[in-house]
There are 2 protein chains.
Amino acid sequence: MDPQITQLQKEAAERPDVIGLAGGLPADELLPRDEVGRALAEVTASREDALQYGWPEGIEQVRDWIVTRLARRGATIPADRVIITAGAQQALSIAGTILKGTAIRVGDATYPGALDAFRRAGAIPQARDADVAYAMTGVANPIGRALALEPARLYIADEAYTELRFDGHVPRPLVADHPAWHIGTISKTIAPGLRVGWLIPPAHHHDEALEIKAATDLQTASITQAALGRMLQTLDYDALVARARTEYTRRADALVAALRAHVPVSFAEPEGGFSIWATTDLAGDELAFLRTALDEGVMVDPGSLFQVAPGETIAMRLSFSSAPPERIDEAARRLGRALDRFRRRC
Amino acid sequence: MDPQITQLQKEAAERPDVIGLAGGLPADELLPRDEVGRALAEVTASREDALQYGWPEGIEQVRDWIVTRLARRGATIPADRVIITAGAQQALSIAGTILKGTAIRVGDATYPGALDAFRRAGAIPQARDADVAYAMTGVANPIGRALALEPARLYIADEAYTELRFDGHVPRPLVADHPAWHIGTISKTIAPGLRVGWLIPPAHHHDEALEIKAATDLQTASITQAALGRMLQTLDYDALVARARTEYTRRADALVAALRAHVPVSFAEPEGGFSIWATTDLAGDELAFLRTALDEGVMVDPGSLFQVAPGETIAMRLSFSSAPPERIDEAARRLGRALDRFRRRC
């Protein structure tokens, strides 16, 4: 990432006067803090293996939970095909490593971490014209909507937001019907700070994927896996997801209304997830625009991060997920002022 | 790793009748379990950022602690050069990625994870004849001794065991006087299951290393970093290390005595760390030898894992660190019987 963008992001995060529409973080207040704390304390006291080295594929308890949920949705996969990863990001990185040299279709705007992971690993993300496709099923980032599934010979199916469709219509997993790398995470619902995700590689790539995982970091943290395993025995995960859907719907509605009222951008109403993809007809220097936004006291994610080939005009991701709901309207007013100032400057 | 070896390792780990001299794990009973549990519970309750996404370089509190300890040992390094990694393994993997295509001198027997990390990343580990050197300073794995530092233009200095010299003579960090990638971890003293290590790349490689870290897994788990940061404020780390040294010395002495009494292998007395490197004059199939050992109820790490070019004769790493001390003599007797059976079979 452009170090100047990182610098602005850090400045924004440290200034309490700035309202953040950047980052794509889950809402702190929706994370099951008490349950996580209790589970961490319990497994540290009761499970010697929670502090020890473990196997690279991760613990059975969590892998069993993953395949049980997938089976409910129509994909029957044995637990020994699952590799627990350090978040979905590491799953993308491992897939990219094995797909080195392969063109991966990512569309016009996609998750920047996927672009980074694929590029670093030597795979080639491109907007279109490739028969391997990166697909964020159910809810794509940054657009917050389901994208039409175009044909591909192989999918990298990233389910980071799939369960967070506002209508609760969680689609059948791609891996049930197509050759696919299946990727999931608890970062959007339980806690990103645990860094637990998972990868189900195509069967013939499993052993190589596991070797990469082991060579890269030996294993995902035993303590966070053990705590997650413990929580999942008692936590009503469906209820947790349902509460999250309700609250994120409310925030999305607030941002949509505020954008319509105050901000001259084009966007599609989100169907789920954490964010809206907003475009403008303003050409110009994106960094200058970001600085203007920050001057006005609002931070967004610059559009170039999401695009293989950044466009001529200013675009941005606006996250409603972690913005204080009562400040969303004010955030939009500030963004409107920033765009206005930027337009006059151009 | 050879899947047949992995299979035997898993079998050994699951059989309570098998005494493990394999694995190179820290002793469960030396890990500060109560302190870890308390710190995890406290930061989960009190720090919102413990469950959230964080920056790829890791938290300041931990990076400050690392550079303070290094400064005490003669290496003055600003905290912003430190990258918190998922254990030392990820630090090796990142170094290997930037050293892609470079020959790295590793000596005759070294840490298998380093061989895996370097090879996977596209670097080229070789026993000798390279001017970049992988050096486990103070205590090398598997030999459990300091190896003479041969000249190199660049070192990858892995301090996994450096503080665990039995004599407490912790050497000056290589990075104080040489171009070096500096690598450390709390896996041998506090808990490997937290997966916290660190990397200090040469200054001109810092930004690229950080980009690789971010592309690979975004960041090391916030929760384990926060808990570690909290612990380090109150924990007497030097006292913890001193207790570990005392206990590992006792176990090393027990294994040395037992090997001398019961096992026809060559080895050098360890000066620190977790293990002894034992060689034999027996040629033959290593897997068959491992199976014989397992039949006798003892497990070791096969020598081929540690060698760039495995030799003709059976060699092995014998870890005293996590073997129950009262069973070390019996473990050696079993190993002696296994070698005897294997010799007669040859």
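Biologist: How much area is buried between chain B and chain A, and what share do carbon and sulfur atoms give?

Modeller: This is a predicted model, and in it the two chains bury about 4,400 Å² between them, with 59% of that from carbon and sulfur atoms. The contact draws on 53 residues of chain B and 54 residues of chain A.

Biologist: Which residues of chain B lose the most area to chain A?

Modeller: Those are B:Leu51, B:Tyr53 and B:Arg120, together 17% of what that side buries.

Biologist: What makes the meeting of B:Arg120 and A:Glu211 a salt bridge?

Modeller: Their side chains come to 3.2 Å, N to O. The cut-off is 4 Å between a side-chain nitrogen of Lys or Arg and a carboxyl oxygen of Asp or Glu, so this pair qualifies. Across the interface of chain B and chain A, the rule finds six salt bridges.

Biologist: What sorts of residues make up chain B's side of that interface?

Modeller: There are 24 nonpolar, 15 polar and 14 charged residues on it.

Biologist: Over to the sheet in chain B. How do you know that β9(B) and β12(B) pair?

Modeller: Pairing takes at least two bridges, and these strands have six, so they count as paired, in the antiparallel sense. In β12(B), B:Arg317 is the bridge partner of B:Trp277.

Biologist: Why are β9 and β11 of chain B called edge strands?

Modeller: Each of them pairs on one side only. The order is β9-β12-β11 in an open sheet of three strands. Helix α9 of chain B packs on this sheet, touching β11 and β12, and its direction makes about 45° with that of β12(B).

Notes:
Residues numbered from 1 in each chain as written. Chains lettered and ligands numbered in written order. Predicted model: local features only at pLDDT ≥ 70, side-chain atom pairs only at ≥ 80, totals over all residues. Heavy atoms only, no water. Contact = heavy atoms within 4.5 Å. Buried area = accessible area lost by both parts, 1.4 Å probe. Nonpolar A, V, L, I, M, F, W, Y, C, P; charged D, E, K, R; others polar. Helix = DSSP H or I, 4+ residues; strand = E, 2+ residues; numbered from the N terminus. Axes fitted to C-alpha atoms, helices over the stretch in contact; angles between N-to-C directions.
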